[in-house]
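Please look over the structure shown here, and then follow the paragraphs below, which move from its enclosed spaces to a pair of its helices.

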Amino acid sequence: MTDQGKKVLLAAPRGYCAGVDRAVETVEKALEKYGKPVYVRKEIVHNKYVVETLRERGVIFVDETDEVPQGAHLVFSAHGISPAVRESADERKLQTLDATCPLVTKVHNEAKRFARDGYQILLVGHEGHEEVEGTSGEAPEVTHLVDGLEGVDKLPDFPDNQKLVWLSQTTLSVDETMEIVNRLHERFPNLENPPSDDICYATQNRQVAVKAIAPDVDLMIVVGSQNSSNSKRLVEVALEAGAKDSHLVDYAHQIEEGWLEGVKTVGLTSGASVPEILVQQVVEFLRQRGFSDVEEITTTTETITFALPRVLRSARTRGKGAPAAVDA
């Protein structure tokens with residue numbers, strides 16, 4: 001097989017979303033302002049490269065607040081926390097910085113409001129995911145996790161007059177979520193929808209970009225980590241949209257040569273917590289194997305940014321012409 005005709009379709013948008021950018025920059029600015037170590041509860045974002053790079057710079061990642069010395073600086077990850085975690089940090093007099101994505105915070109606020117108004121909440125998401133744990137923690141007595149279609153059947157029966165509403169993890173597949181929601185509506189006809197879509201704009205945009213190129217590729221490579229929900233969904237979306245094959249990799253060297261056999265067109269994208277350097281390393285890996293024609297396919301342009309935690313805002317510099325930050 002000659003190299004003639006081999007090409008790469010590069011999906012755009014891809015990579016860092018505004019929430020991830022804010023979270024990573026929060027940790028970087030905290031290191032600059034307070035010095036090392038800075039502690040982070042859980043992974044700041046679900047990406048192996050980002051976590052390892054920050055660890056090398058002096059960040060200490062912990063699972064729980066009781067692992068942090070009293071009075072130390074602690075950053076809460078982009079995925080959000082429950083009130084119990086915040087209370088634990090306060091008890092230890094930790095100096096906290098909240099890097100929770102504002103879109104996750106929006107779902108938390110919805111959960112609190114619906115619980116206050118007497119609703120039972122059906123939360124569509126994956127069991128054990130940090131975002132789900134944080135949202136559930138806002139109203140644990142009235143929140144019921146719906147993990148996949150089979151989760152619908154596991155829900156209890158509710159009285160006919162019980163107010164019900166569904167919310168969702170922000171990083172799910174749009175199509176899969178709506179399939180679950182449709183099943184929920186079939187079982188609970190009085191189920192109400194949230195006031196706005198909970199699936200984050202970046203998750204939706206990356207899925208739309210993948211759908212646009214998937215029918216034209218023999219292989220879709222998604223750069224992202226195995227614990228990244230939105231990255232794993234991109235693999236599934238690619239296959240459902242017509243890609244003949246699709247794989248998730250953290251790094252270019254994880255691409256198996258056998259995947260490229262007989263392949264003329266490779267699609268390439270990355271999850272919302274993936275820095276662009278990792279994508280470009282894949283582009284170079286493919287170029288060395290004859291895929292020298294790279295075409296970027298853009299389905300939308302993202303301009304949104306989120307403001308840093310207030311105590312760090314003086315440390316932030318925006319490039320010329322960058323959009324104003326959204327205060328959150």
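When residues are sorted by class, Ala, Val, Leu, Ile, Met, Phe, Trp, Tyr, Cys and Pro count as nonpolar, Asp, Glu, Lys and Arg count as charged, and the others, Gly among them, count as polar. With that sorting in hand, we can turn to the model, which is a predicted one, and begin with one of its cavities. The lining of the second largest cavity has four nonpolar, four polar and two charged residues, and this cavity has a volume of about 40 Å³. Among the residues that line the second largest cavity are Val124, His126, Asp147, Leu172 and Glu176, while helix α7 (residues 174–187) gives the most to this lining, with three residues.

The structure holds two cavities of 30 Å³ or more, and the largest cavity contains about 280 Å³ of space. Its lining is made up of 23 residues, of which Cys17, Val20, His79, Thr171 and Asn230 lie nearest the centre of the cavity, and the elements that give two or more residues to this lining are α1 (18–34), α4 (102–116), α8 and α9. By class, the lining of the largest cavity has 11 nonpolar, 11 polar and one charged residues.

How do two of these helices, α8 and α9, lie against each other, and at what angle do their axes cross? The axes of helix α8 (residues 201–213) and helix α9 (residues 229–240) come within 9 Å and cross at roughly 30°, which means that α8 is roughly parallel to α9. Their crossing is right-handed. In the contact, residues including Arg206 and Val210 of α8 meet residues including Arg233 and Leu234 of α9, and by class this contact has four nonpolar, three polar and three charged residues.

Definitions and conventions
Residues are numbered from 1 along each chain as its sequence is written. This is a predicted model: local features need pLDDT of at least 70, side-chain atom pairs count only at pLDDT 80 or more; totals for chains, interfaces and linings use all residues. Side-chain values use heavy atoms; hydrogens and water are left out. Axes are lines fitted to C-alpha atoms, for helices over the stretch in contact, and angles run from 0 to 180 degrees between N-to-C directions. Helices (H or I, at least four residues) and strands (E, at least two) are DSSP runs, numbered from the N terminus. Angles under 35 degrees count as roughly parallel, over 145 as roughly antiparallel, 65 to 115 as roughly perpendicular and the rest as oblique. A crossing is left-handed if the near helix is turned anticlockwise from the far one by less than a right angle, and right-handed if clockwise. Contact means heavy atoms within 4.5 Å. On a 1 Å grid over the protein atoms alone, a cavity is a set of points where a 1.4 Å probe fits but cannot get out, and a pocket is an open set with protein on both sides within 12 Å along at least five of seven lines; lining residues have an atom within 4 Å of a point. Grid points are joined across faces, edges and corners, and a volume is the space filled by probe spheres set on the points.
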